[in-house]
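Visitor: I'd like to take a close look at a single part of this protein. Could you walk me through it?

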Amino acid sequence: MTNPSENEENWFREQERRKREDEALAEQHRADVAARDARKSMHWMKCPKCGADLRARRYENIELDECVECHGTWLDAGELKALAQEKAGGLFGFLTRKRGSTGPLPPLPPR
């Protein structure tokens, strides 16, 4: 049978073990966040084609990202759809009217 002092020591040992484990998990989380932020800063607002910086520019009511080197224009999620809704005519309007909001794209018309 264990005496009260042994029970106390076991309890304190367990508390210390849990504290070290929690501190290790917190440190791992901080390291993961730092690594994610470092990766993001390497690629944030960089051209996927040539790697140069992108600058934001307005086109109508949509913010596009344009490369300062190759002048490629890049769209974020949802911007193509917003652009299609802004431009009801032309190719974007044709695709929007034919497709609606769901379903596959229609086949191209014969030449």
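Visitor: With which side chain does the side chain of E66 make a polar contact?

Guide: Happy to help, and please keep in mind that this is a predicted model. The partner is R57: the side chains of E66 and R57 make a polar contact at 3.3 Å.

Let's place E66 in the chain. E66 sits in strand 2, which covers residues 62-67. The protein has three helices and three strands, and their order from the N terminus is α-β-β-β-α-α.

Is E66 buried or exposed? E66 counts as buried because its relative accessibility is 11%, under the 20% cut-off. Buried residues make up 12% of the 111 residues in the protein. Leaving out residues up to four places away in sequence, E66 touches D53, L54, R55, R57, H71, G72 and T73.

Strand 2 runs over residues 62-67, which brings us to the cysteines. C67 is buried too, at 0% relative accessibility, and C47 is buried with a relative accessible area of 4%. How many disulfides are there? The count comes to zero. For C47, the closest cysteine sulfur is in C70, 3.8 Å away, so that pair is too far apart for a bond; the cut-off for a disulfide is 2.5 Å. C67 is in no disulfide either, and its nearest cysteine sulfur, that of C50, lies 3.4 Å away.

Finally, let's step back to the whole protein. About 9400 Å² is exposed, with carbon and sulfur atoms supplying 55% of it.

Technical notes: Residues are numbered from 1 along each chain as its sequence is written. This is a predicted model: local features need pLDDT of at least 70, side-chain atom pairs count only at pLDDT 80 or more; totals for chains, interfaces and linings use all residues. Side-chain values use heavy atoms; hydrogens and water are left out. Helices (H or I, at least four residues) and strands (E, at least two) are DSSP runs, numbered from the N terminus. Buried means under 20% relative accessible area, exposed over 50%, partly exposed in between (1.4 Å probe, protein chains only). A polar contact is a pair of N or O atoms within 3.5 Å; within protein, one must be able to donate a hydrogen and the other to accept it, and residues adjacent in sequence count only if both atoms are side-chain atoms. Contact means heavy atoms within 4.5 Å. Accessible areas come from the Shrake-Rupley method with a 1.4 Å probe; for residues, only the protein chains shown count as cover.
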